[in-house]
Amino acid sequence: MRITAVTCVKNEGPFLLEWIACNRLIGVTDFLFYSNGCSDGTDRLLDALAARGIVTHLANPASGRNYQMEALRDARDHDVVAAADWVWIADVDEFLNIRAGDHTIAALVAACGDPQAISVGFQYFANDGVERFVDAPVIAQFTRSHNPDLWCGDFTCEVKTLVRRDFPLHYHGAHRPFLDAAQRPDARPFWTNGSGHEVPDRFIMAADPAEMRRLPARGARDHATLNHYALRSLDSYLVKRDRGDVNRENRAFDETYWRERNDAAFRDPSIQRHLPALHAALAALKSDPEIAALHDETVRLHREKRDALLARPDYRALRTQLRNAATLPPQEEAMLTDLGLKP
């Protein structure tokens, strides 16, 4: 089974090798990276990995500010996507956590009944008080998330989607594929959630713009969930805020974004089943002296950017603000207030 992961990156250097290694462990065979505006060595590390046949690396072709969608349009005709049995579009802070069988994508596909698409729900992992950036696997450092059935007072959750070659595709979206307009109403694709349950027809047809990338959370993660480490350490969050959104312009990584993803009510260390194999895979990648040196360079530049930001009064103030921010999401805090309960 050939599985291609497609992603857009900017200044994600310290986290690249872990993401590549983890995806290889679950069965991803090919990688297509689009980078833009990197200043931390991400592009140099990807070029070295590409020279060894581990990934394909391209400059993001976006001429506007919708970086991800323009890259996805370009990706559809690329050899590693066109030849894939499955396409997986995700960000470098998102890890597919498969519970089925041997924890591979092949096992997930089998558990879901061999559908044409599988939409897996997000599970946002909290910062949980981790302040300092360390060069260690992210999946080893963060184990707490919101209750997976409830995020920000909502019983639906965003998804990312594995798409099979024969899906009647109009185009790839960041979260889900969109159906070919010529598709007959009585010939819908076989499309499931992470528990193997068929998704609603309204979701398939993207009938509601507000819900076209969200599915009910409860009962949707029997076979897989999507661990999203959107915050990581406080140090790395400050660097992320300075970088901006790699996928689109004018998205604020502010206190609201932080609080919505820093709910540590639920402990889930299940993805750490991969740690022994991950450590071995990282050691193998870093056994190449050039790869190891380029990774170390990204780590050094990440720390230097953090130090430069913390030399500024506004970033020192932001660091204090985020450290002291309530961990209850604003929406849930408002719900409790409306009920006359003290948050």
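**Exercise 1. Find out why Cys38 is in no disulfide bond with Cys8.**

Solution. Start with the distance: the sulfur of Cys38 lies 11 Å from that of Cys8, the closest cysteine sulfur, so the two are too far apart for a bond. A disulfide here is a pair of cysteine sulfur atoms within 2.5 Å. Next, look at the surroundings: Cys38 is buried at a relative accessible area of 19%, where buried means under 20%, exposed over 50% and partly exposed in between, with a 1.4 Å probe and protein chains only. Then take Cys157, which is in no disulfide either: the nearest cysteine sulfur, in Cys152, is 12 Å away. Cys157 is buried as well, with 7% relative accessibility. To finish, the count for the structure is zero disulfides.

A word on the model before you go on: it is predicted, so local features need pLDDT of at least 70 and side-chain atom pairs pLDDT 80 or more, while totals for chains, interfaces and linings use all residues. Residues are numbered from 1 along each chain as its sequence is written, and side-chain values use heavy atoms, leaving out hydrogens and water.

**Exercise 2. Describe how the rings of Trp19, Phe31 and Phe33 are linked.**

Solution. Recall that a pair of aromatic rings is described by the distance of the centres and the angle of the planes. Rings of Phe, Tyr and Trp (its six-membered ring) pair if their centres lie within 6.5 Å; planes under 30 degrees apart are stacked, over 60 edge-to-face and the rest tilted. The structure holds 13 such aromatic pairs. For Trp19 and Phe33, the centres are 5.8 Å apart and the planes stand at 75°, so this pair is edge-to-face. Trp19 belongs to helix α1 (residues 16-25) and Phe33 to strand β2 (residues 30-35), so the contact ties together parts 14 residues apart in sequence. Helices (H or I, at least four residues) and strands (E, at least two) are DSSP runs, numbered from the N terminus. For Phe31 and Phe33, the values are 6.3 Å and 25°, so that pair is stacked. Now check burial: Trp19 has 0% relative accessibility, Phe33 has 0% and Phe31 has 2%. Put together, ring pairs link Trp19, Phe31 and Phe33 into a cluster.

**Exercise 3. Locate the partners of the salt bridge between Asp268 and Arg99, and say whether each is buried or partly exposed.**

Solution. Begin with the criterion: a side-chain nitrogen of Lys or Arg within 4 Å of a carboxyl oxygen of Asp or Glu. The structure holds 29 salt bridges. In the bridge between Asp268 and Arg99, the closest N and O atoms are 3.3 Å apart. Asp268 sits in the loop between β14 (266-267) and α10 (275-286), and Arg99 in the loop between β5 (94-98) and α5 (105-111), so that distant parts of the chain, 169 residues apart, are linked. Asp268 is buried at 7%, whereas Arg99 is partly exposed at 28%.

**Exercise 4. Trace the pairing of strands β9 and β10.**

Solution. Strands pair if DSSP finds at least two bridges between them. Here β9 (residues 169-172) and β10 (residues 177-179) pair in the antiparallel sense over three bridges. Tyr171 stands opposite Phe178 in β10. Four residues lie between the two strands, which form a hairpin.
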